[in-house]
Amino acid sequence: MKYHICQNPLNYDGSQLQSLFTYKNFGLMGDSMCVFRGACRVEQNEMVDMEDVAAQDWIYSEDMLHFIVEHFEMDLEKTIVRQRLLIATIKEELEKLGVSSLRRTGDDLYDGDRKLSVSIATLSPVSTLIHCGLNVSSHNTPIPTTGLNDLQVCNVLEFGENVAKRYCAEVLSMRHARCKVRGVM
């Protein structure tokens, strides 16, 4: 599994959650992760979470760290497990930086009642996809949030790269664990 860290700002509007996004934009073919920073505004027509659509919610942040993950398998439940692995990896990387106040609830991270993350897993015609966004700024969000700035994360893209390295290593380790055992009857 490969990853790409985009050095230039890129805003997220939901349309980036599509098959082959990392290949088309950054040349990485196959299972991959793209990390970028930019604003986030997802309108109803780009929403994937139908509960959010029914509630007429929308997603907005002036500044977010984004992760788009693509796996070329068609198992949505497995992808949801990977999504939660990504969230747990983010939490552990923040704990390494001294942030101990976060709790994980499903596929989201909270500091008290303030939300740090948005995340969704879905299927495309050829792959499964995960988007996770972490607020960098907590200003002007539609719900109470915290951000990486509030948590004293200084180098946001470096943090994102550490998460990407660790997630990719976990995926490789799981593949290795799958291949090293013999079957039992």
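Strand β5, residues 108–111, pairs with β6 in the antiparallel sense over two bridges. Helices and strands here are DSSP runs, numbered from the N terminus, with H or I over at least four residues for a helix and E over at least two for a strand. Two strands count as paired if DSSP finds at least two bridges between them. Strands of a sheet pair through backbone hydrogen bonds, either parallel or antiparallel.

The model is a predicted one, in which local features need pLDDT of at least 70 and side-chain atom pairs count only at pLDDT 80 or more, while totals for chains, interfaces and linings use all residues. Residues are numbered from 1 along each chain as its sequence is written, and side-chain values use heavy atoms, with hydrogens and water left out.

Within the pairing of β5 and β6, Arg114 of β6 is the bridge partner of Asp111, and Tyr110 stands opposite Lys115 in β6. The two strands form a hairpin with two residues between them, where Gly112 takes a positive phi near 65°. On the other side of the pairing scheme, β5 also runs antiparallel to β4, and four bridges join these strands. One partnership there is that of Arg104 with Leu109 in β5. β4 and β5 likewise form a hairpin with two residues between them, and Gly106 in the turn has a positive phi of about 60°.

Taken together, these strands make an open sheet of three, in the order β4-β5-β6, with antiparallel pairing. β4 (102–105) and β6 (114–115) stand at the edges with a single partner strand each, so one side of each has no neighbour in the sheet. The side chains of β5 divide between two directions: Asp108 and Tyr110 point one way, Leu109 and Asp111 point the other way, and all are buried. Buried means under 20% relative accessible area and exposed over 50%, with partly exposed in between (1.4 Å probe, protein chains only).

The next pair along the chain is β7 and β8. Strand β7, residues 117–123, is mostly covered, since six of its seven residues are buried. β7 pairs with strand β8 (residues 128–135) in the antiparallel sense over seven bridges. A hairpin of four residues joins β7 to β8, and Leu129 in β8 is the bridge partner of Thr122.

Three residues outside these strands show different surroundings. Ser32 has its place in strand β2, residues 32–42. At 1% relative accessibility, Ser32 counts as buried. Apart from neighbours within four places in sequence, Ser32 is in contact with Met1, Lys2, Thr22, Ile68, Val69 and Glu70. Contact means heavy atoms within 4.5 Å.

Val156 is found in helix α4. Val156 is buried too, with a relative accessible area of 2%. Leaving out residues up to four places away in sequence, Val156 touches Arg37, Leu65, Val136 and Leu148. Ser117 is 39 residues from Val156 along the chain, and their C-alpha atoms are separated by 14 Å.

Val181 lies in the segment after α4, which spans 156–179. With 56% relative accessibility, Val181 counts as exposed. Val181 and Pro9 are 172 residues apart in sequence and 44 Å apart in space, C-alpha to C-alpha.

The rest concerns the chain as a whole. Its secondary structure comes to four helices and eight strands. Along the sequence they follow the pattern β-α-β-α-β-α-β-β-β-β-β-α. The radius of gyration is 16 Å, close to the 16 Å that the globule rule gives for 185 residues, so the chain is as compact as a globular protein of that length. That radius is taken over C-alpha atoms, and the globule rule is 2.2 Å times the number of residues to the power 0.38. Along the principal axes, the C-alpha atoms fill a box of roughly 55 × 40 × 35 Å.

Of the 185 residues, 45% count as buried. Among contacts between residues at least 6 apart in sequence, 70% join residues at least 24 apart. The accessible surface comes to about 9800 Å², of which 51% belongs to carbon and sulfur atoms. Accessible areas come from the Shrake-Rupley method with a 1.4 Å probe, and for residues only the protein chains shown count as cover.
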